[in-house]
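Visitor: I am new to this entry and should like to learn how to read its features. May we go through them together?
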Amino acid sequence: MDQMGKTPMEWILKVEDLKVYFNTLGGVVKAVDGVSFNVKKEELFGLVGESGCGKSTTAFSIMRLLDDTSILYGKILLGDKELVKFSKRQMRRLWGNKLYMIFQDPMTSLNPVMRVKDQIAEIFRRKEGRALKVNDIIEKGCNLLEQVEIPDSVRVLNQYPHQLSGGMKQRVMIAMGLATNPDLLLLDEPTTALDSTVQFKIVELLLGLKKKYRMSQIIITHDFGVAAKLCDRIAVMYAGKIVEQGKYVTLLHEPAHPYTKGLFKCIITKDQEKDYLETMKGYLPSLYELPSGCYFADRCPVVLPICRNEMPVLVEVGSEHFVACHLFRS
Amino acid sequence: MLSPFIEIVNLNKHYPLSLGIIDRFAGDVKTIKALNGINLNIFKGETLGLVGESGCGKSTLGRIVMGIETPTEGFVKVEGKRIDELKSKHEIKAIRKRIQMVFQNPASTLDPRMTLHQVLSEPFSIHYNLTRNELDKRIEGLLEKVGLHYGDRKKLSGEFSDGQKQRIALIRALSLEPEFIVADEPVSALDVSVQAQILNLMKQLQKEMHLTMLFISHDLKIVRFLSDRIAVIYLGKIVELGSTEVIFKNPCHPYTQGLLSSILDIDPGLTNHQFRIKADVPLSQLNIPEGCVFQMKCYSTNDRCKKESPELRELTRGHSVACFES
Ligand SMILES: Nc1ncnc2c1ncn2[C@@H]1O[C@H](COP(=O)(O)OP(=O)(O)OP(=O)(O)O)[C@@H](O)[C@H]1O
Ligand SMILES: Nc1ncnc2c1ncn2[C@@H]1O[C@H](COP(=O)(O)OP(=O)(O)OP(=O)(O)O)[C@@H](O)[C@H]1O
Ligand SMILES: [Mg+2]
Ligand SMILES: [Mg+2]
């Protein structure tokens, strides 16, 4: 409750029945097909799921960065703004201000022909509406890079992206996210190139942003150690749909969907000494030939006859816990 | 004793850094000391895991081993022959077929306008003369191994997800059945279930094809699964080298200990503490000071660490550490 006595809007982002279809030579690819979730204020929300299931596409559509070969349906509400209806120009005003995204592939967000300092300067220019002095850029830039554990901050500011290591590029992007200080930060696999000591620091840094700036974040990660430390709730995606959603600890201790259960079993532990890793048989189906019924049926260890015919829908099975599986029919 | 398949001898790599025309004019060219005196052997059939702080020179070392980049000093030998001394086109082509690299950033190594089929047929067309049918069969087989669909072969490589691109890069490197690969973070974009399947596949290749590998990864759990030996690098120097078992059970360098203690657990109820590493600013690669490369982050430094640089010395057979305290 705020001071006015009204209930404040408790979410910052609401995604409703989002669909993203790509037109390709081989036919239509339904990369995201009816995804709904919301992110609360100050919440860190995780998106996980098999490679190719539509996580990055979901994030790209929130940023409205998909190109013309795709069609977007559904609603994306950022506060009271309906982003699906926004023009490129309106979006540009949000990017780097209310919204910022750290991409999975560094070369999507870093400009290869610009030095790091110029890219950081660009962010400040956009945010503050005027260009900063060179000395200020260097000072602010160094401060940002040191926060993400980059040594030699002055030399890195003067380098081009291709002269940096994979993990340095990743951290430069995170530093740019810090400079932006958005209301909602989207991070697509932000720590894949960081060794465990640096990853540890970055995880603490991201948690600090939530506390210090009340920043909400959407974190796409396949590293459950990172999800465990960061995420309040997570959504598990499979072939363009959310199959389970709930608090991280709920999914860890009481996963309901057979896919979620399988996923947690595949995690390698620190002490494993086996010669063979636990897997889930099979892979994601081809998005060109999706089966009727549940997309996971072919790989499911507890498949029922109905699963082959009918697509299950999300039902509530506990507090903030939703599952789309015929084993849990309302 | 067995002679090594790959021999890395006294390797240095320094990148010149010009901050601007004035510095260059004043002759004040600094260098980024990415690698400093690396000596390492990789034996036939062995997988050597390479771990270390982000930016410490792992990818640089991988590229030099492949002969894509030239070292400032030192050299690399493949089966006793220096790769920088190969002259004839024939020799170079032959070695190219036997050693392959999976690059760290798959998205930027695939041409986004080529179809999946074109990407995968390229290596075959350079080295073999296959009929269309044979080629399609090979490609189908490769795709199946990593969970991609033959139906996707007409898709442009830019139209795949990052984890799919990574798998494409991996099968392209494996398509010619190389004897040795440098795999630079080859599974970093994969979720745990696909990752487990790909790791099992790589394990199988190790066993059945006796694939030799330089395996670079920041994920110690994966490194443990695939590697026979592990080299830990810090600031361009090897600080610890030993069998996988010894590195995990008896890590002796404070940096290795820090790495192992920083692995995050999947249960948030179990609190992790990153101990053993100081929160100080890491050292600069531009002017590496005298003494140990790890001194700023180390809790057990003594006077000697600030003056002398510890050499890698053998503690027990096959286990070497560069630290005065161990
Ligand atoms: N072309 C280049 N020009 C200048 N400096 C470079 C160049 N390539 C690499 N470097 C520098 O060399 C150092 C080592 O980089 P490298 O990519 O080998 O690190 P890495 O160990 O692979 O790190 P990561 O785990 O983050 O990928 C870095 O400081 C990097 O900035
Ligand atoms: N431009 C495009 N044209 C056609 N298909 C696409 C395009 N971009 C993505 N796809 C397909 O849409 C699906 C979802 O892709 P997306 O990148 O969202 O996956 P992801 O969950 O982020 O996977 P990863 O974990 O591998 O990054 C994939 O099967 C991919 O092949
Ligand atoms: Mg992705
Ligand atoms: Mg690298």
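Guide: Let us begin with a binding site, bearing in mind that this is a predicted model. Around ligand 2 there are 19 residues, and those that come nearest are Ser51(A), Ser56(A), Thr57(A), Ser161(B) and Gln164(B).

Visitor: Which chains surround ligand 2?

Guide: Residues of chains A and B do, so the site is shared between chains. Strand S1 (11–24) and helix H1 (55–63) of chain A, together with helix H7 (162–174) of chain B, each supply at least two residues of the shell.

Visitor: How do the residues of the shell around ligand 2 divide into nonpolar, polar and charged?

Guide: The shell has five nonpolar, 10 polar and four charged residues.

Visitor: Which polar backbone atoms should I look for beside ligand 2?

Guide: Three glances will suffice for this part. A polar backbone atom of Gly52(A) is 2.7 Å from an oxygen atom of ligand 2. For Gly54(A), the distance from a polar backbone atom to an oxygen atom of the ligand is 3.0 Å. For Lys55(A), a backbone N or O atom lies 2.8 Å from an oxygen atom of ligand 2. On its own, ligand 2 has 640 Å² of accessible area, and the protein covers 92% of that area.

Visitor: Which protein donors hold the magnesium ion (ligand 3)?

Guide: They are Ser56(A), through OG, and Gln104(A), through OE1, at 1.9 to 2.2 Å from the ion. Ser56(A) lies in helix H1 of chain A and Gln104(A) in the loop between strand S6 (99–102) and helix H3 (106–109) of that chain, so the pair ties together parts that are 48 residues apart in sequence.

Visitor: Is Ser56(A) buried or exposed?

Guide: The cut-off for buried is under 20% relative accessible area. Ser56(A) has 19% relative accessibility and therefore counts as buried. Gln104(A), at 15%, is buried because of that cut-off.

Visitor: Which residues coordinate the magnesium ion (ligand 4)?

Guide: Ser59(B) (OG) and Gln104(B) (OE1) coordinate ligand 4, at 1.9 to 2.2 Å. Ser59(B) is in helix H2 (residues 58–65) of chain B, while Gln104(B) is in the loop between strand S6 (99–102) and helix H4 (106–109) of chain B; the two are 45 residues apart. Ser59(B) is buried, with a relative accessible area of 16%.

Visitor: What describes a pair of aromatic rings?

Guide: Such a pair is described by the distance of the centres and the angle of the planes. Over all chains, this structure holds 13 aromatic pairs. One of them, Tyr259(A) with Phe296(A), is edge-to-face, with 5.4 Å from centre to centre and 70° between the planes. Tyr259(A) sits in helix H11 (residues 258–265) of chain A, and Phe296(A) in the loop between H11 and strand S11 (315–318), 37 residues apart. Tyr259(A) and Phe296(A) are buried. Elsewhere, ring pairs link Phe224(A), Tyr248(A) and Phe264(A) into a cluster.

Visitor: Where is Ser196(A) found, and what lies 2.7 Å from a polar atom of its side chain?

Guide: Ser196(A) is found in helix H8 (residues 196–213) of chain A. The backbone oxygen of Leu259(B) lies 2.7 Å from a polar atom of the Ser196(A) side chain. At 5% relative accessibility, Ser196(A) counts as buried.

Visitor: How far apart are Leu143(B) and Asp265(B) in sequence and in space?

Guide: They are 122 residues apart in sequence and 33 Å apart in space, C-alpha to C-alpha. Leu143(B) belongs to helix H6 (residues 132–145) of chain B, and Leu143(B) is buried, at a relative accessible area of 0%.

Terms used:
Residues are numbered from 1 along each chain as its sequence is written. Chains are lettered from A and ligands numbered from 1 in the order in which they are written. This is a predicted model: local features need pLDDT of at least 70, side-chain atom pairs count only at pLDDT 80 or more; totals for chains, interfaces and linings use all residues. Side-chain values use heavy atoms; hydrogens and water are left out. Donors are N, O and S atoms within 2.8 Å of the metal (3.2 Å for Na, K and Ca); water is not among the atoms, so sites may look incomplete. Helices (H or I, at least four residues) and strands (E, at least two) are DSSP runs, numbered from the N terminus. Buried means under 20% relative accessible area, exposed over 50%, partly exposed in between (1.4 Å probe, protein chains only). A residue is near a molecule or strand if one of its heavy atoms lies within 4 Å of it. A polar contact is a pair of N or O atoms within 3.5 Å; within protein, one must be able to donate a hydrogen and the other to accept it, and residues adjacent in sequence count only if both atoms are side-chain atoms. Accessible areas come from the Shrake-Rupley method with a 1.4 Å probe; for residues, only the protein chains shown count as cover. Ala, Val, Leu, Ile, Met, Phe, Trp, Tyr, Cys and Pro count as nonpolar, Asp, Glu, Lys and Arg as charged, and the others, Gly among them, as polar. Rings of Phe, Tyr and Trp (its six-membered ring) pair if their centres lie within 6.5 Å; planes under 30 degrees apart count as stacked, over 60 as edge-to-face and the rest as tilted.
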